[in-house]
Amino acid sequence: MTQNDTLFGKILRREIPATIVYEDDDVLGFKDIAPQAPVHVLFIPKHVLVPTMDDLLPEQAALVGKLVLAAAEYARREGFAQDGYRVVINCREHAGQTVFHLHLHLLAGAPLGHFGVPGR
Ligand code: 5GP
């Protein structure tokens, strides 16, 4: 599989529009098209396509660290790090993963509700 195969690969190559809010050598961050919080940014690796968290290899551990650090850097830069935020990686069906290109959600900007199975 190559980056050509996913929607996020197209965003990475600027073939479809997205509001890009963060970029470094390894990570691209862009606003989610259907935000679930006042701040909802998706962070993706630029050079490696991993479909799901379950496909990660031990030698790709740094890649996840870079996504997390990018989100933390963005939160500090935008001034909401002290208020707090949540990061989420959805993996496959029960988590509702819809785009099979590893991505980290950053949610912030207001107190966030609990998460998990509704009603618990
Ligand atoms: P998942 O459910 O796979 O963890 O997250 C995929 C996310 O991608 C969803 O929150 C969804 O709103 C977002 N998304 C889907 N299509 C697009 C798009 O074309 N542009 C952007 N910016 N986000 C998208």
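Me: Which label fits Arg92 by its relative accessibility: buried, partly exposed or exposed?

Reply: The labels go by relative accessible area: buried is under 20%, exposed is over 50%, and partly exposed is in between, with a 1.4 Å probe and protein chains only. Arg92 has 37% relative accessibility, so it counts as partly exposed. Keep in mind that this is a predicted model, where local features need pLDDT of at least 70 and side-chain atom pairs count only at pLDDT 80 or more, while totals for chains, interfaces and linings use all residues. Residues are numbered from 1 along each chain as its sequence is written, and side-chain values use heavy atoms, with hydrogens and water left out.

Me: Where does Arg92 sit, and what is its phi near?

Reply: Helices (H or I, at least four residues) and strands (E, at least two) are DSSP runs, numbered from the N terminus. Arg92 belongs to helix H3, residues 92-95. Its phi is near 65°, which is positive even though Arg92 is not a glycine. Arg14 also has a positive phi, about 60°, and again is not a glycine. You'll find Arg14 in the loop between H1 and strand S1 (20-23), and with 46% relative accessibility it counts as partly exposed.

Me: Which label does Ala108 get, buried or exposed?

Reply: Ala108 has just 1% relative accessibility, so it counts as buried. Look for it in strand S5, residues 104-108. Its C-alpha atom is 4.6 Å from that of Tyr85, although the two are 23 residues apart along the chain.

Me: And what about Asp25, buried or exposed?

Reply: Asp25 counts as exposed because its relative accessibility is 63%. It lies in the loop between S1 and S2. Asp25 and Asp83 are 58 residues apart in sequence, and their C-alpha atoms are 27 Å apart in space.

Me: How do I read a polar contact, and which side chain does Thr6 join?

Reply: A polar contact is a pair of N or O atoms within 3.5 Å; within protein, one must be able to donate a hydrogen and the other to accept it, and residues adjacent in sequence count only if both atoms are side-chain atoms. Thr6 and His101 have such a contact between their side chains, at 2.6 Å. The side chain of Thr6 also reaches the backbone nitrogen of Gly9, at 2.9 Å. Thr6 sits in the segment before H1, and its 7% relative accessibility means that it counts as buried.

Me: Which residues come nearest to the ligand?

Reply: A residue is near a molecule if one of its heavy atoms lies within 4 Å of it. There are 16 residues around the ligand, and the nearest are Lys31, Asp32, Thr98, His103 and His105. As for type, Ala, Val, Leu, Ile, Met, Phe, Trp, Tyr, Cys and Pro count as nonpolar, Asp, Glu, Lys and Arg as charged, and the others, Gly among them, as polar. The shell here splits into 8 nonpolar, 6 polar and 2 charged residues. Helix H1 (7-12) and strand S2 (27-31) each give at least two residues to that shell, with the largest share, 3 residues, coming from H1.

Me: What lies 2.8 Å from an oxygen atom of the ligand?

Reply: That's an N or O atom in the side chain of His103. Backbone atoms take part as well: an N or O atom of the Gly96 backbone is 3.1 Å from a ligand oxygen, and one of the Ile33 backbone is 3.2 Å from a ligand nitrogen. Taken alone the ligand exposes 510 Å² (Shrake-Rupley method, 1.4 Å probe), and the protein buries 83% of that.
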